[in-house]
Amino acid sequence: VKDGFTWETSVAAVKGRGMVLIGTATTVEEAIALETAGVDAVVTQGSEAGGHRATFAADFEPAMVGTMALVPQVVDAVTVPVIASGGIMDGRGIAAALVLGASAVQMGTAFLTCDEAGISDTYKQAILTAREHETRVTRAFSGRPARGIVNRFMTEVERAGSAEAILPFPLQNALTRPLRTAAARQGRAEFLSLWAGQGLRLARRQSAASLVARLAAETDAAVRRLAATSSPA
């Protein structure tokens, strides 16, 4: 209970305003718990996903399940729509998620390098030049586990001491905020929290409209290829 609100009253307030309630799960257990709690859809966050981990039922390490494995198991376990996320960067990934049973996808890193994205050019360039093996889950920046591009700050903090030396969220986040703000102003990527997923090699510089149009065309092409290969000769 917080400020007089329970989960049940919060859900009722959201539903009472006609809003759609979506929860994020990193395991089947979490997806079932979210459906039981009354969400309208579940986002499955695969281990490839950039940014903070959404795990809430246990420690994040055992919940690092890949998108390909997580999506169909959640689809089989819940009745609400499933939205796939984690490493999806193009139409091939969207088509794959749909084949696995997802109703939609959630994409983050693919949009970060768009012209309209509010992150710094330094951050965008880091995504465009990094490779799929150059991200890692860390608590160094915020105190919560999050996947980002490995840089000097992440490496130095993790090398300096034990996990206990990193403050819990939101204390670590507040501690590093001035550093990150200054680094953004100076274009110093080595001190920024460069959240990104493992599909970052597929990122492109373009407008959001161009990206969405390309995703639609690529998804359609991928679905057509699947239909052609499944058709009898």
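How many bridges join strand 6 to strand 7, and in which sense do the two strands run? Four bridges link them, and the strands run antiparallel. This is a predicted model.

**The sheet**

Strand 6 and strand 7 belong to an open sheet of three strands. The order is 3-7-6, with antiparallel pairing. Strand 3 (51-52) and strand 6 (135-138) are the edge strands, and each pairs on one side only. Strand 7 covers residues 146-149. Strand 3 pairs with strand 7 over two bridges, again in the antiparallel sense.

Two bridge partners in strand 7 can be named:

| Residue | Bridge partner in strand 7 |
|---|---|
| Arg136 | Gly148 |
| Gly51 | Arg147 |

What packs on the sheet, touching strand 6 and strand 7? Helix 7 does, with residues 152-160. The direction of helix 7 makes about 45° with that of strand 6.

**The nonpolar cores**

The largest nonpolar core has 30 residues. Those with the most contacts inside this core are Ala84, Ile88, Met107, Ile127, Ile149, Leu194 and Leu200. Several elements each supply at least two residues: helix 4 (91-99), helix 6 (121-129), strand 7, helix 7 and helix 9 (208-230). Strand 7 and helix 7 thus appear both in the sheet packing and among the suppliers of this core. Which element gives the largest share? Helix 6 does, with three residues.

Take Met107, one of the residues with the most contacts inside the core. Leaving aside residues up to four places away in sequence, Met107 touches Ile88, Met89, Asp90, Ile94 and Leu215. Of these partners, Ile88 is also listed among the residues with the most contacts in the core.

A second core is separate and has twelve residues. Val11, Val39, Val42 and Val74 are among them.

**Around Gly38**

Where does Gly38 sit? Gly38 lies in the loop between helix 2 (28-37) and strand 2 (41-45). Not counting residues up to four places away in sequence, Gly38 touches Val11, Lys15 and Leu21. One of these partners, Val11, belongs to the second core. Gly38 and Val80 are 42 residues apart in sequence. In space, their C-alpha atoms are 9.7 Å apart.

Conventions. Residues numbered from 1 in each chain as written. Predicted model: local features only at pLDDT ≥ 70, side-chain atom pairs only at ≥ 80, totals over all residues. Heavy atoms only, no water. Contact = heavy atoms within 4.5 Å. Pairing = 2+ DSSP bridges. Axes fitted to C-alpha atoms, helices over the stretch in contact; angles between N-to-C directions. Core = buried A, V, L, I, M, F, W, Y, C linked by side-chain atoms within 4.5 Å. Buried < 20%, exposed > 50% of the residue type's maximum accessible area, 1.4 Å probe, protein only.
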